[in-house]
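Please open the model in your viewer with the cartoon shown and side chains hidden. The tour below says what to select at each stop and what is found there.

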Amino acid sequence: MFFRIVTGMTRPQKRAAFISLDALVILFAFGMSVLLTAHGRIGMAEAAPVALVLVTSGAILGWVLGLTRMKLDAFEMRGPGRTAAYAAALGLLGYAIAPRALPALPVGAHVHFTLLVLVLSVGWRIALRYAIRQIYLHGADSVRVLIYGAGATGQQLVAALRHHDAIRPVAFIDDNPTLQSQVIAGLRVHAASSIPKLVAEKRISRVVLAMPSMSQPAMARIRLQLRNIGCEAHALPSFAALVGEGALRAEAEPVCIQKLLGRNRLEKELPGVIDAYAGRRILISGAGGSIGAELCRQLAACGPECVVLVDHSELALYTIHKELSDLAPEVTVVPLLQSVLNERAMLRAMLTHRVDVVLHAAAYKHLPLVEDNVIAGLENNVLGTKALADAARQAGVDRFILVSSDKAVRPTNVMGASKRLAELVVQDLASRRSGTRFAMVRFGNVLGSSGSVIPLFEEQIGRGGPVTLTDPNVTRYFMTISEAARLVLLTGSFARGGDVFVLDMGAPVPIRKIAEQMIEGAGYTVRTDDTPEGDIEIRVTGLRRGEKLHEELLISSDMLTTPHPKILRAQEMCLSEFEVANALRDLRQAIDALDEDAARAVIAKWVESSDAGRVAKQSV
């Protein structure tokens, strides 16, 4: 009830209440001073005119000095001095008019009156301020917070929060045992082990980390623990640092992409592709994935007539459809919620929308997941490619481009073997007479794509470490998503049939070097045996099943040039039409029977490289 009354009052109503309370104080103070000093010689009726003058003058003085317009929260800062001036002015006024109106009133009465007005005016404001604060704290849904750190920053924070109606500091948390159980700034200090109990008993919803000297990784670990308890956690810098008096932590700068790539970016060096796709009708499989989505964005700038988006993820398809529709409203965008394994649906889509170009980016590419789901990986990556390529051939599509991976070169894992089998399927179709030109583009790891090491490192650094590395000597080729998409589009314009295109990606990059650069780029230091005071540790976990120490881009060393010096065309051996048919027959039988051993046997038999035997023998 009190909360509704307080919050429901308007500003004029509050000012009227203040004036009324000041008037009551003046009447009470004047009456008491008369009773204490006149000893009954002056009646209340005689004193009434003087009291009325003092009340009226008090209302005017209170307004002029701002006392009746001052918020209670600001009274402690400016109010007492103004109240002293207010009381002194009223006392002098009473002394000036009393000799004529009340000649029997002694001088001491005016001193008593002044002191009583001062004490009572200050007192009722402080008391009302406390009462209203309690009303707000108990009547509103205030945020109850723990302050982690009972040092200077924590104490300053508590002092600041006490002026906020919606936030209530409840207690301190500190790791210093000498401070625990003490009362600082009116709050008890508890150990960190008490947090779960305090959260439950005190209805804590937020913890503020007021420890600016603590390292960021240590703070990140505390925040992770607090989130597991169910509390929000926020870090606070020191107040001196906020105004530049303390040592400010350097702002974390993004890691230079050239450092991660080990070379300069090639977007500016790669030629434009607008002419090759302007006015064309294009189907993109895996359109909601990292590469597929970037292909859609770059194609939007080429002015195609129609873009058919194929993906079996409803959310991914919705997201890229919405983005592309906003990005290029003049382009016809068709979302198709289908799997590439459905050859009839793919053929119908190509015939209905008169597709000219197919960019096949749909694939399961996460190495450990495919290693644990052999049947699903081979079915989607190999038979899905076969179904989509056959549909493109039947529909008379002009160009079909397969997005492949460097893991297809002498593979040691199921994912790489599935991509190599997909390449062999496309090479087989390219060798037959048809109006469709089939080609493949092979590149390394794509920075920032789903499943890549960069998002994993960012997440681990954000948690305060450790950053996990499978082997200290592992290396990979890297390219940006933009480079990968541009390479796929260029491949379509260069394709003559059966080509395997690769990008000159420079030297492979050590993954440990990337981890160190990302840690330092985030403003931290690497913790090693030589630098045990470092922030984040790099922990070696061992190579995963089927993971290579070093990836390759080429099966053979024979290379041909293309119209662009940074794009090369590989000459590689392929299976005959009869061999591909046998491989696909055996693979289908294994998939229909859900026989992983038989599926691995297909890999061992048909994927070139002695390493394929290892893929077949690895346990599931």
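## Stop 1: the six-stranded sheet

Select Leu146 and show its side chain; opposite Leu146, in β2, stands Ala171. This is a predicted model. Now extend the selection to both strands, residues 143-148 for β1 and 167-173 for β2. The two run parallel and are joined by 6 bridges.

Widen the view to the whole sheet. Which order do its strands take? Read across, the order is β3-β4-β2-β1-β5-β6. The sheet is open, has 6 strands and is mixed in its pairing. At the edges are β3, residues 183-184, and β6, residues 232-235, each of which pairs on one side only.

Next select residues 152-161, helix α6, which packs on this sheet. Helix α6 touches β1, β2, β3, β4 (187-190) and β5 (206-209). Between the direction of α6 and that of β2 the angle is about 160°.

Then add residues 195-202, helix α7. This helix lies across β1, β2 and β4, and runs at about 160° to β1.

While the strands are on screen, a general point can be kept in mind: side chains in a regular strand alternate between the two faces of the sheet.

## Stop 2: a β-α-β unit

Select β8, residues 306-311, together with β9, residues 332-337. These strands are parallel, with 6 bridges between them. To find one pair, pick Asp311, which stands opposite Leu337 of β9.

Now add helix α13, residues 314-327. What do β8, α13 and β9 make? Together they make a β-α-β unit, and the unit is right-handed.

## Stop 3: the three-stranded sheet

Move on to β14 (467-469) and β19 (526-527), edge strands that each pair on one side only. They belong to an open sheet of 3 strands in the order β14-β20-β19, and the pairing is parallel.

Select β20, residues 536-540, which runs parallel to β14 and is joined to it by 3 bridges. Val467 has Ile538 of β20 as its bridge partner.

Two helices can be added here. Helix α18, residues 453-462, lies across β14 and β20 and runs at about 140° to β14. Helix α20, residues 511-521, lies across β14, β19 and β20, at about 165° to β20.

Now hide the strands and keep the two helices. The axes of α18 and α20 come within 10 Å and cross at roughly 45°. An angle of that size makes α18 oblique to α20. The crossing of α18 and α20 is right-handed.

Show the side chains at the contact: Val453, Ile454, Phe457, Glu458 and Ile461 from α18, and Ile511, Ile514, Ala515, Met518 and Ile519 from α20. How do the residues of this contact of α18 with α20 divide by class? There are 9 nonpolar and 1 charged, with no polar residues.

## Stop 4: α16 against α21

Select residues 374-395, helix α16, and residues 577-592, helix α21. Their axes come within 11 Å, crossing at roughly 140°. At that angle α16 is oblique to α21. The crossing of α16 and α21 is left-handed.

From α16, display Ile375, Leu378, Glu379, Val382, Leu383 and Lys386. These meet Leu584, Leu587, Arg588, Ala590 and Ile591 of α21. Sorted by class, the contact of α16 with α21 holds 8 nonpolar and 3 charged residues, and no polar ones.

## Stop 5: α17 against α22

For the last stop, select helix α17, residues 414-430, and helix α22, residues 596-606. Their axes come within 11 Å and cross at roughly 60°. This angle makes α17 oblique to α22. Is the crossing of α17 and α22 left-handed or right-handed? Viewed along the line between the helices, it is left-handed.

Finish by showing Val414, Ala417, Leu421 and Leu424 of α17, which meet Arg600, Ile603 and Trp606 of α22. The contact of α17 with α22 comprises 6 nonpolar residues, 1 charged and no polar.

Terms used. Residues are numbered from 1 along each chain as its sequence is written. This is a predicted model: local features need pLDDT of at least 70, side-chain atom pairs count only at pLDDT 80 or more; totals for chains, interfaces and linings use all residues. Side-chain values use heavy atoms; hydrogens and water are left out. Two strands pair if DSSP finds at least two bridges between them. Helices (H or I, at least four residues) and strands (E, at least two) are DSSP runs, numbered from the N terminus. Contact means heavy atoms within 4.5 Å. Axes are lines fitted to C-alpha atoms, for helices over the stretch in contact, and angles run from 0 to 180 degrees between N-to-C directions. Angles under 35 degrees count as roughly parallel, over 145 as roughly antiparallel, 65 to 115 as roughly perpendicular and the rest as oblique. A crossing is left-handed if the near helix is turned anticlockwise from the far one by less than a right angle, and right-handed if clockwise. Ala, Val, Leu, Ile, Met, Phe, Trp, Tyr, Cys and Pro count as nonpolar, Asp, Glu, Lys and Arg as charged, and the others, Gly among them, as polar. A crossover is right-handed if, with the strands pointing away from the viewer, the path from the first strand over the helix to the second runs clockwise.
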